[in-house]
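Here is a round of questions about how the labels on a structure are earned. Each answer sets a value against a cut-off.

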Amino acid sequence: MEYCYPQLIYLNDYYSANFPDQARKEALVCHELGHTMGLAHRSTTPLGCMRNPPIVSSTTYYNRPQAHDINHLEYF
């Protein structure tokens, strides 16, 4: 049986305190959770919370894993 060891995530409120809304904070959590599951930054993918630098507009934050993120997780 394969399993993952528990991981801890510490979010520093110093950076997120100035975020404009809850959706941006959720995008940050999605990004950091992606790292704990083994996902790296993506610079060529147009959408997703692992994009670095992020592409955001005033109305859209990617706070859910996208299909390409899930494909990477399922590959392993």
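A polar contact is a pair of N or O atoms within 3.5 Å; within protein, one must be able to donate a hydrogen and the other to accept it. The model shown is predicted.

Q: What makes the approach of the His31 side chain to the backbone oxygen of Cys49 a polar contact?
A: The side chain of His31 reaches that oxygen at 2.7 Å. The cut-off is 3.5 Å, so the pair counts as a polar contact.

Q: Why is His31 called buried?
A: Buried means under 20% relative accessible area. His31 has 12%, so His31 counts as buried. This residue is found in helix H2.

Q: Which residues does His31 touch, leaving aside its neighbours within four places in sequence?
A: They are His41, Cys49 and Met50. Contact here means heavy atoms within 4.5 Å.

Q: How do you know that Cys30 and Cys49 form a disulfide?
A: Their sulfur atoms are 2.1 Å apart. The limit is 2.5 Å, so the pair qualifies as a disulfide. By this rule the count for the chain comes to 1 disulfide.

Q: Which parts of the chain does the pair of Cys30 and Cys49 link?
A: The pair links distant parts. Cys30 is in helix H2, residues 22-36. Cys49 is in the loop between H2 and helix H3, which spans 67-75. The two cysteines are 19 residues apart.

Q: What is the handedness of the link of Cys30 and Cys49?
A: The link is left-handed, with -50° about the S-S bond.

Q: Why do Cys30 and Cys49 count as buried?
A: The cut-off is under 20%. Cys30 has 9% relative accessibility, so Cys30 is buried. Cys49 has a relative accessible area of 8%, so Cys49 is buried too.

Q: What makes Met50 a buried residue?
A: Its relative accessibility is 2%. That value falls under 20%, so Met50 is buried. Met50 sits in the loop between H2 and H3.

Q: Which residues are in contact with Met50, leaving aside its neighbours within four places in sequence?
A: Among them are Cys30, His31, Gly34 and His35. Leu39, Ala40 and Asp69 are also included.

Q: How far is Met50 from Gln66 in sequence and in space?
A: They are 16 residues apart in sequence. From C-alpha to C-alpha, the distance is 9.1 Å.

Q: Why is Glu26 called partly exposed?
A: Partly exposed lies between the 20% and 50% cut-offs. Glu26 has 32% relative accessibility, so Glu26 is partly exposed. Glu26 lies in helix H2. Leaving aside its neighbours within four places in sequence, Glu26 is in contact with Asn63 and Arg64.

Q: What makes Met37 partly exposed?
A: Met37 has 48% relative accessibility. Exposed begins over 50%, and buried is under 20%, so Met37 falls in between. Met37 lies in the loop between H2 and H3.

Q: Which residues make the nonpolar surface patch with Met37?
A: Ile9, Leu11, Val29, Leu33 and Leu73 join Met37 there. The patch covers about 450 Å².

Q: How many helices and strands does the chain have?
A: The chain has 3 helices and 0 strands. From the N terminus on, the order is α-α-α.

Q: What share of the chain is buried?
A: Buried residues make up 20% of the 76 residues.

Definitions and conventions:
Residues are numbered from 1 along each chain as its sequence is written. This is a predicted model: local features need pLDDT of at least 70, side-chain atom pairs count only at pLDDT 80 or more; totals for chains, interfaces and linings use all residues. Side-chain values use heavy atoms; hydrogens and water are left out. Helices (H or I, at least four residues) and strands (E, at least two) are DSSP runs, numbered from the N terminus. Buried means under 20% relative accessible area, exposed over 50%, partly exposed in between (1.4 Å probe, protein chains only). Patches are made of residues with over 30% relative accessible area and no salt bridge: like charges are joined within 9 Å, nonpolar side chains (Val, Leu, Ile, Met, Phe, Trp, Tyr) within 5 Å. Accessible areas come from the Shrake-Rupley method with a 1.4 Å probe; for residues, only the protein chains shown count as cover. A salt bridge is a side-chain nitrogen of Lys or Arg within 4 Å of a carboxyl oxygen of Asp or Glu.
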